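Open the model in your viewer and keep the selection panel at hand. The tour below goes stop by stop: what to select, then what is there.

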Amino acid sequence: MSASAVLPNQPLHDLDEWDDFLEGRYKEGKSEEEFRVYDATATPGVAEFYRQNHENMTVDYVLGKEAEYFSLSKGQKTIWEAADFLNTLVDDSDPDTDLTQIEHLLQTSEAMRRDDCPRWMILTGFIHDLGKCLCLYGEPQWGVVGDTFPVGCAWSKDIVFHEYFAKNPDRNVREYQTKYGIYEPNCGLEKLHMSFGHDGYIAEVMKPYLRDESLYMLRFHSFYPWHKHGAYDHLCTDKDRSMLEWVLKFNQYDLYSKGHTKPDLAELKPYYDDLFAEFLPPTLAW
Ligand SMILES: [Fe+2]
Ligand SMILES: [Fe+2]
């Protein structure tokens, strides 16, 4: 671990520390009570990361980031170029034993492939975290990863480290503190402004090309309060409820497919070249 690894505004050693936290939090067979206990004893870096996220994720912040990134004006890239770009997000981990970002993506998609998941889902598995490149555009960790939630309405008690919302300035906007906030009852999850991060960004990049099931997996894969805890049903439509099973199916692979075996990129590349060409144009706007 190098001395410069943990900057004050970058409390995680690397983005994977958040993924590891999730995996521990949702270890299979864990009760809701154990889930709470885990939070209280979480590593200080993770707790600090959530404090920053919950205190800064306001409606104004989200609208600003949506305007900046959802216009997709960061240039054209192929999927491989985007993956290589994400791979430049090097942390100070040991390159011989730790997996690169591309290897992590391949582990997710290859686990789906072994289980005979549909081809569009395997593609979704490979691309789902490409939005983490937001870090390389200079976004802070708290604005890239973390559990997501809608802004502009009352925060669910099922959001992890809920207590850190006490210092979020939206606490003082009366409308944002009501059950429905700026939304209509059962308006549908797609109409919500979700806390900004890698999920929403990659969903916007892929929106013109992929089916709803895939876009729900991308856009809501970190929306744990909804897909793991059943929160925000009062904002859902029947479509959202029918998509939930796909998001849950995806989540199994996102949480539990990480291992230490390095996938052989050279051997796998032709399969993925075909897969990308089947669903996506050669280059995409990012
Ligand atoms: Fe993710
Ligand atoms: Fe992931």
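**Stop 1: a histidine and an aspartate under cover**

Select H128. At 1% relative accessibility, this residue counts as buried, because the cut-off for buried is under 20%. Keep in mind that this is a predicted model.

Now add D254. D254 has 6% relative accessibility, so D254 counts as buried too.

**Stop 2: iron ion (ligand 2)**

What holds the iron ion (ligand 2)? Its protein donors are H128 through NE2, D129 through OD and D254 through OD, lying 2.2 Å from the ion. Along the chain these donors follow the spacing H-D-x124-D. Trace the backbone between H128 and D254: the pair links distant parts of the chain, 126 residues apart. H128 sits in the loop between helix 7 (119-127) and helix 8. D254 belongs to helix 11, residues 238-256.

**Stop 3: iron ion (ligand 1)**

Stay on D129 and show the other ion. D129 coordinates both irons, and the two ions are 3.5 Å apart.

Which residues donate to the iron ion (ligand 1)? Select D129 (OD), H198 (NE2) and H221 (NE2), which lie 2.1 Å from the ion. Their spacing along the chain reads D-x68-H-x22-H. H198 and H221 again link distant parts of the chain, at 23 residues apart. H198 is in helix 8 (residues 198-206). H221 is in the loop between helix 9 (212-220) and helix 10 (224-227). Both H198 and H221 are buried.

**Stop 4: helix 7**

Colour helix 7 by burial. Of its 9 residues, 8 are buried, so the helix is largely enclosed by the rest of the structure. The buried set is W120, M121, I122, L123, T124, G125, F126 and I127.

What covers these residues? Show helix 5 (79-87), helix 6 (101-114) and helix 12 (265-279). Helix 8, helix 9 and helix 11 are also part of the cover.

**Stop 5: F126**

Zoom in on F126, in helix 7. Its relative accessibility is 0%, so F126 counts as buried. Display its contacts, leaving aside neighbours within four places in sequence. F126 then touches I79, W80, A83, I102, L105, L106, S109, Y272 and F276.

For a sense of scale, draw a distance from F126 to N9. Their C-alpha atoms are 29 Å apart, with the two positions 117 residues apart in sequence numbering.

**Stop 6: H54**

Move to helix 3 (residues 44-56) and select H54. Is H54 buried or exposed? H54 is buried, with a relative accessible area of 0%. Beyond residues up to four places away in sequence, H54 touches F149, I159, V160, F161, H162, Y164, F165 and N168.

**Stop 7: helix 1**

Go back towards the start of the chain and select residues 16-25, helix 1. This helix is mostly covered, with 8 of its 10 residues buried. Those are D16, E17, W18, D19, F21, L22, G24 and R25.

**Stop 8: two backbone angles**

Most residues other than glycine have a negative phi. Two residues here are worth a look for their phi.

Select L72, in the loop between helix 4 (59-69) and strand 1 (76-77). L72 is not a glycine, yet its phi is positive, about 50°.

Then select D116, in the loop between helix 6 and helix 7. Its phi is also positive, about 60°, although D116 is not a glycine. At 70% relative accessibility, D116 counts as exposed.

**Stop 9: the whole chain**

Zoom out and switch to cartoon. The chain has 12 helices and 2 strands. In sequence order the pattern is α-α-α-α-β-α-α-α-α-α-α-α-α-β.

Along its principal axes, the C-alpha trace spans about 55 × 45 × 40 Å. A compact globule of 286 residues would have a radius of gyration near 19 Å; the chain has 18 Å, which agrees. Buried residues make up 54% of the 286. Of the contacts with a separation of 6 or more, 80% join residues 24 or more positions apart.

Finish with the surface. The chain exposes about 12700 Å², and carbon and sulfur atoms supply 52% of that area. Colour by charge to see 28 positive and 50 negative side chains. The centres of the two sets lie 5 Å apart.

Key:
Residues are numbered from 1 along each chain as its sequence is written. Chains are lettered from A and ligands numbered from 1 in the order in which they are written. Side-chain values use heavy atoms; hydrogens and water are left out. Donors are N, O and S atoms within 2.8 Å of the metal (3.2 Å for Na, K and Ca); water is not among the atoms, so sites may look incomplete. Helices (H or I, at least four residues) and strands (E, at least two) are DSSP runs, numbered from the N terminus. Buried means under 20% relative accessible area, exposed over 50%, partly exposed in between (1.4 Å probe, protein chains only). Contact means heavy atoms within 4.5 Å. The radius of gyration is taken over C-alpha atoms; the globule rule is 2.2 Å times the number of residues to the power 0.38. Accessible areas come from the Shrake-Rupley method with a 1.4 Å probe; for residues, only the protein chains shown count as cover. Lys and Arg count as positive and Asp and Glu as negative; His and the chain ends are not counted. The place of a charge is taken as NZ of Lys, CZ of Arg, CG of Asp or CD of Glu.
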